[in-house]
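User: I have a model open here and would like to talk through its helices, salt bridges and a few single residues. Can we start with the terms you use?

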Amino acid sequence: MSPIEIKKDIYWLGVIDWNIRDFHGYSTYQGTTYNSFLIMDEKIALIDTVKKDFADELIASISQLIDPKKIDYVISNHTEMDHSGGLPRIMHRIGEDKPLYCSKMGHKNLSKHFPQKWNYHPVEDGGELNLGKKKLTFMETRMLHWPDSMFTYVKEDKILFSSDAFGQHYAGLERFDDQMGEAIMPHALKYFANILLPYTPLILKLVDKVKEMELPLDMICPDHGIIWRKDPGKIINSYVEWSLQKPKRKALVVYDTMWHSTQMIAEAIVEALGQEEVDARPMHLRSWHRSDVITEVVDAGAIVVGSPTFNNGLFPTVSDFLTYMKGLRPSKKLAAAFGSYGWSGEAVKLINRELEEMKFHLIDPGLKLQYVPNDQGIKACHELGRKIAEALPAE
Ligand code: FEO
């Protein structure tokens, strides 16, 4: 890709990964980008690199502007290898002795990824680096989403380089929010749900801190996807709204099924929810990817999980989903379990245990039906649906 000047003397130099479809378990069905940025001043700074396989592509982009050896400083806002994997090639090309700025945890973590003894300059929260006319300010954003994460702010241009925060896994020729309009928001929400959801209290604190600092913001440049320039406040406000997880009158009925009995229960629960004007949908775990289900979880008021009893346990996809959801720590959810069984029937108890560990509020002991639901069984499903609807907030 050719560099794109995003502000005077500041360039986007990212690469587009059109083909990636699985990003450590997250379905990136529209690919992604790894964004790197070059700031040209009396001194030249490169902010973040790219995944290892794309390092030569990044070097080729830099070379369209300058000889890479002219880069004076490298800034690593985040250690994860989609942004640091290219460092060995880049540092080799620009000079192994060039100062590498990162947070203190970045120093520790990069040292544990790469054996090279680079010229590390660990910075404090609020630390600065003067490039000439422009000055970089570093903001520690520990656990958003790794211990090493930090932002880099350029006051003169009112640009925030925000690492993973505010990113989206979206591969396209568009570089800016105004080229995408509302179509980018589902990608931003999915990214938030699958990467940042566990850290919502920190996000709310950070937004408060940024508001207190009254940082003027013309542009937010994340490390994935498009740059927010038309309305950077929009994505910040969306992060606040998503972080609050205010429950909607919405229920997800997430399940898997062996011989369609658990599916019959799921669909009967959804039918009753719909009759009570709940935004409800069944989500079969072999039709919906876990990362898409989690995106829907963010604003759902109720999560209803179903599994057949399978070899005295849960169906594997349901275990997978519960493990994934537990790690992402959604909050403020009502919940219930259901499932068909043949003889032992442990699934509902096992789901309940997981839902309680997630601190969800169980509104029913759970619905177990043997083999194939009969009319009475379907009536019980409808009753459970109505009970969930009653417990959800009115809109
Ligand atoms: Fe895009 Fe946490 O790496």
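Analyst: A residue is called buried under 20% relative accessible area, exposed over 50%, and partly exposed in between. Lys209, with a relative accessible area of 29%, is therefore partly exposed. Please keep in mind that this is a predicted model.

User: What does Lys209 pair with in a salt bridge?

Analyst: Lys209 forms a salt bridge with Asp125, and the closest N and O atoms of the two are 3.2 Å apart. Lys209 belongs to helix α7 while Asp125 sits in the loop between β11 (119-123) and β12 (128-130), so the pair ties together parts that are 84 residues apart in sequence. Asp125 is likewise partly exposed, its relative accessible area being 39%.

User: And why would such side chains pair at all?

Analyst: As a general point, side chains of opposite charge can pair when their charged atoms come close.

User: Staying with α7, how many residues does it have, and how far does it reach?

Analyst: Helix α7 covers residues 200-213, which makes 14 residues, and from its first C-alpha to its last it reaches 20 Å, close to the 20 Å expected at 1.5 Å a residue.

User: Which residues of α7 are buried?

Analyst: Those are Thr200, Ile203, Leu206, Val207 and Val210. Looking down the axis of α7, one finds these buried residues within an arc of 115°, so they line one face of the helix. Pro201, Lys205 and Glu212, on the other side of α7, are exposed.

User: What do the buried ones pack against?

Analyst: The buried residues of α7 pack against two strands, β13 (135-140) and β14 (150-154), and against two helices, α6 (185-196) and α8 (232-244). Just after α7 comes Glu214, which takes a positive phi of about 50°.

User: Next α11, please: which of its residues are buried?

Analyst: In α11 the buried residues are Val318, Phe321, Leu322, Tyr324, Met325 and Leu328. They cover an arc of only 165° around the axis, which puts them on the same side of α11. Their packing partners are α6, β17 (248-255), α10, β19 (300-306) and α12 (347-357).

User: What span should α11 have, and what is it in the model?

Analyst: The 13 residues of α11 should span 18 Å at 1.5 Å a residue, and its end C-alpha atoms are 19 Å apart, which agrees. Just after α11, Arg329 takes a positive phi of about 50°.

User: Back to charges, then. How many salt bridges does the structure hold?

Analyst: The structure holds 22 salt bridges. One of the pairs involves α11: the side chains of Arg290 and Asp320 meet in a salt bridge at 2.8 Å, N to O. That pair links distant parts of the chain, with Arg290 in helix α10 (residues 290-297) and Asp320 in helix α11 (residues 316-328), 30 residues apart. Arg290 is partly exposed at a relative accessible area of 22%, and Asp320 also counts as partly exposed, at 32% relative accessibility.

User: And Asp364, is that buried or exposed?

Analyst: Asp364 is buried, with a relative accessible area of 15%. The side chain of Asp364 meets that of Lys387 in a salt bridge (2.8 Å, N to O). This pair too links distant parts of the chain, since Asp364 is in the loop between β21 (361-362) and β22 and Lys387 is in helix α13, 23 residues apart. Lys387, at 37% relative accessibility, counts as partly exposed. Elsewhere, salt bridges that share partners join Lys248, Lys250, Asp279, Arg281, Glu296 and Asp299 into one network.

User: Changing topic, which residues form the nonpolar patch on the surface?

Analyst: Met264, Trp343, Tyr371 and Val372 form a nonpolar patch there, with about 500 Å² of accessible area together. Of these, Tyr371 is placed in the loop between β22 (367-370) and α13 (375-391), and at 46% relative accessibility Tyr371 counts as partly exposed.

User: Last one: where is Gly14, and what does it touch?

Analyst: Gly14 is in the loop between β2 and β3 (15-17), where it counts as buried at 1% relative accessibility. Leaving aside residues up to four places away in sequence, Gly14 touches Met1, Tyr34, Asn35 and Ser36.

Conventions
Residues are numbered from 1 along each chain as its sequence is written. This is a predicted model: local features need pLDDT of at least 70, side-chain atom pairs count only at pLDDT 80 or more; totals for chains, interfaces and linings use all residues. Side-chain values use heavy atoms; hydrogens and water are left out. Helices (H or I, at least four residues) and strands (E, at least two) are DSSP runs, numbered from the N terminus. The expected span of a helix is 1.5 Å times one less than its number of residues. Buried means under 20% relative accessible area, exposed over 50%, partly exposed in between (1.4 Å probe, protein chains only). The arc is that of the directions from the helix axis to the C-beta atoms. Contact means heavy atoms within 4.5 Å. Patches are made of residues with over 30% relative accessible area and no salt bridge: like charges are joined within 9 Å, nonpolar side chains (Val, Leu, Ile, Met, Phe, Trp, Tyr) within 5 Å. Accessible areas come from the Shrake-Rupley method with a 1.4 Å probe; for residues, only the protein chains shown count as cover. A salt bridge is a side-chain nitrogen of Lys or Arg within 4 Å of a carboxyl oxygen of Asp or Glu.
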